[in-house]
Amino acid sequence: MKTIAMLSLLALGLCAQDIKFPVNIEKLAAKAVETVDVTLDSTMLQLASRFLSDKKQEEAEARRIISGLQGIYVRSFEFNKPGEYSPADLESIRTQLKAPLWSRVAGVRSTQEGEIAEVYMKKEGDRITGLVVIAAEPQELTIVNIVGPINPEDLGRLGQFGIPPLAGQPGGEKK
Amino acid sequence: MMDRLEEELRRALTRKEPPEGFTDRVLAAARAHTAARERRLPWWRRSRLVPAAAVCLLLLAAGIALDRHRRREVLARGEAASQQVITALRITAAKLQMVQARVSRPAEGNNRI
């Protein structure tokens, strides 16, 4: 009985992070000139929310957005020359984002500028329960994994973080 | 010769009763000696309560210091976590905005995939 309980807890822990950043992605930090590594599980998010002020608009918004989340994981690398990461590095992420759980809601590839941007959403019923953003430029690679229920309106409100709101989203520019 | 020695020994070893009040005088002298010795000790060594209180105070101080250290640690972790949240949401916002801009205004050379 104890073993089952332990295994269940272990499984829950593994599920908390929707996707796993492969070793080859984590190793890119050694080549990068600038790295952002954010690993916040639900415990850390709860702790963070206690330190986000209600009086500052951005922090209040962040506090509201993270209130139901189970994790935020970001890896962002800036390189001083192109070619420091390979398409295979991205593929190891994409293989984890398969239907029916995951669906790609947006994907842009710019052959001229060598940019790739993809947005994946995890849906359970009519709820969005996960978001993955892959943004790759010749000298920059960013992978964002947000775990937990995300209100579609929050995606629009994210625009308040120093940039204009998303078009077509509440608070965003109307077409 | 032996008889005289035995006689002297017997006399010397004969049980003699102590004078009246000898025991009381000895005990009184011992008490006085102890009291005098305690008076010579500094005040903080005269009672056992003082070292016990000192140990308690030390433990209390250590507990307070540990608690403050833990609070500082939680504060530092919390502030770092809140900054990480802001950073993560800013990056997410920037990337979503970039995708949105590309999708809504596809430039030449851009392909929706």
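This is a short tour of chain B and the place where chain A meets it.

The model is predicted, so local features need pLDDT of at least 70 and side-chain atom pairs count only at pLDDT 80 or more, while totals for chains, interfaces and linings use all residues. Residues are numbered from 1 along each chain as its sequence is written, with chains lettered from A and ligands numbered from 1 in the order in which they are written.

**Stop 1: chain B.** Select chain B and colour by element: you will find four helices and one strand, in the order α-α-α-α-β from the N terminus. Here helices (H or I, at least four residues) and strands (E, at least two) are DSSP runs, numbered from the N terminus.

**Stop 2: the side that touches chain A.** Now show chain A too: 30 residues of chain B are in contact with 38 residues of chain A (C-beta atoms, placed from the backbone, within 7 Å). On the chain B side, H4 gives the most, with 25 residues.

**Stop 3: two crossing helices.** Select H3 of chain A (residues 42-51) and H4 of chain B (residues 49-104); they pack at about 95 degrees, with axes 7 Å apart. Axes are lines fitted to C-alpha atoms, for helices over the stretch in contact, and angles run from 0 to 180 degrees between N-to-C directions. That makes H3(A) roughly perpendicular to H4(B) (65 to 115 degrees). Look for A:Met44 and A:Phe51 among the H3(A) residues making this contact, and B:Ala81 and B:Val85 among those of H4(B).

How values were computed:
Angles under 35 degrees count as roughly parallel, over 145 as roughly antiparallel, 65 to 115 as roughly perpendicular and the rest as oblique. Two residues are in contact if their C-beta atoms, placed from the backbone, lie within 7 Å.
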